Amino acid sequence: MAAVGVAVPAASAASGASGVSGASAASAASSMTQTPVLTGVRTGRHVGFDRVVLDLVGHRPEFFIRNVDQLYEDGSGHPVSLPGPYFLEVRLAPAAAHDDNGNLTYTGPRKFETPALTNVRAFAITGDFEANLTVGLGMRRDSWHRVFLLDSPTRVVIDVGH
């Protein structure tokens, strides 16, 4: 079965760019920071699992994953509302969705639903604070999950079983 999903563009519509971010944005992001930066988010449905891919420019961050009862915004502590009775939180360190000058390196939506996926109902960036980038997933069912890293380019892959 072919993957079904959505690629969320890293460039804003206001800049006239669409689809996958260009090499110039990636080069500018990598030259301006030592911290790996988020440039895109993609989702896809596969046989037996849903996949969320975080595209990064820079070296591999460490990741920390946990099931939580509620997602919260880093810094403020405000609850993040996502559909689903189950939630998965993934924190990357060091990582950010902005460069050292505070310019966003990921300009897509910070929160969106994923209707093409089987178990993952929604995605949200819940934190971009002090070189910690945190994302959350809202899920229909509690299921197995795995996170792994890929290189050339750097990607964080989150798989969630159906």
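The protein exposes about 7900 Å² of surface, and carbon and sulfur atoms supply 53% of that area. The model is predicted. Of the 162 residues in the protein, 43% are buried.

The protein contains one helix and 12 strands. From the N terminus, the order of elements is β-α-β-β-β-β-β-β-β-β-β-β-β. A strand thus opens the series, the helix follows, and strands make up the rest. Contacts often span long stretches of sequence. Among those between residues at least 6 apart, 63% join residues at least 24 apart.

Nonpolar packing was examined next. In soluble globular proteins, nonpolar side chains tend to be buried together. Here the largest nonpolar core has 25 residues. L38, V41, L54, L92, F123, L137 and I158 have the most contacts inside this core. Seven strands each supply at least two of the core residues: β2 (37-46), β3 (49-57), β7 (86-93), β9 (120-129), β10 (132-139), β11 (145-150) and β12. The largest share comes from β10, with four residues. A second core is separate from the largest one and has seven residues, including V68, L82, F87 and A124.

I158 illustrates the packing of the largest core. Neighbours within four places in sequence are left aside here. I158 is then in contact with the nonpolar core residues L54 and L137. The contacts of I158 also include V52, L88, V90, V135 and V147. Charged residues are on the list as well: I158 touches D50, R51 and R146.

R155 lies in strand β12, which covers residues 154-161. This arginine is buried yet has no salt bridge. The nearest side chain of opposite charge belongs to D55, 5.2 Å away. A salt bridge requires a distance within 4 Å, so the D55 side chain, at 5.2 Å, does not pair with R155 in this way. Backbone oxygens do lie within reach of the R155 side chain. That of P153 is reached at 2.9 Å. The backbone oxygen of D151 lies 3.0 Å from a polar atom of the same side chain. Beyond four places in sequence, R155 touches R42, V53, L54, D55, F148, L149 and L150. D55 is therefore in contact with R155 under the 4.5 Å heavy-atom cut-off, although no salt bridge forms. L54, one of the most connected residues of the largest core, is touched by both R155 and I158.

The loop between β11 and β12 holds P153 and S152. Most residues other than glycine have a negative phi, and most peptide bonds are trans. This loop departs from both patterns. The peptide bond joining S152 and P153 is cis, with omega about 0 degrees. S152 is not a glycine, yet its phi is positive, about 55 degrees. S152 counts as exposed because its relative accessibility is 73%, over the 50% cut-off.

Two other loops show one such feature each. A cis peptide bond runs from A93 to P94, with omega near -10 degrees. P94 lies in the loop between β7 and β8 (111-113). E130 sits in the loop between β9 and β10. Phi of E130 is positive, near 50 degrees, in a residue other than glycine. E130 also counts as exposed, because its relative accessibility is 64%.

Key
Residues are numbered from 1 along each chain as its sequence is written. This is a predicted model: local features need pLDDT of at least 70, side-chain atom pairs count only at pLDDT 80 or more; totals for chains, interfaces and linings use all residues. Side-chain values use heavy atoms; hydrogens and water are left out. Buried means under 20% relative accessible area, exposed over 50%, partly exposed in between (1.4 Å probe, protein chains only). Lys and Arg count as positive and Asp and Glu as negative; His and the chain ends are not counted. A polar contact is a pair of N or O atoms within 3.5 Å; within protein, one must be able to donate a hydrogen and the other to accept it, and residues adjacent in sequence count only if both atoms are side-chain atoms. A nonpolar core is a set of buried Ala, Val, Leu, Ile, Met, Phe, Trp, Tyr and Cys residues joined through side-chain atoms within 4.5 Å. Accessible areas come from the Shrake-Rupley method with a 1.4 Å probe; for residues, only the protein chains shown count as cover.
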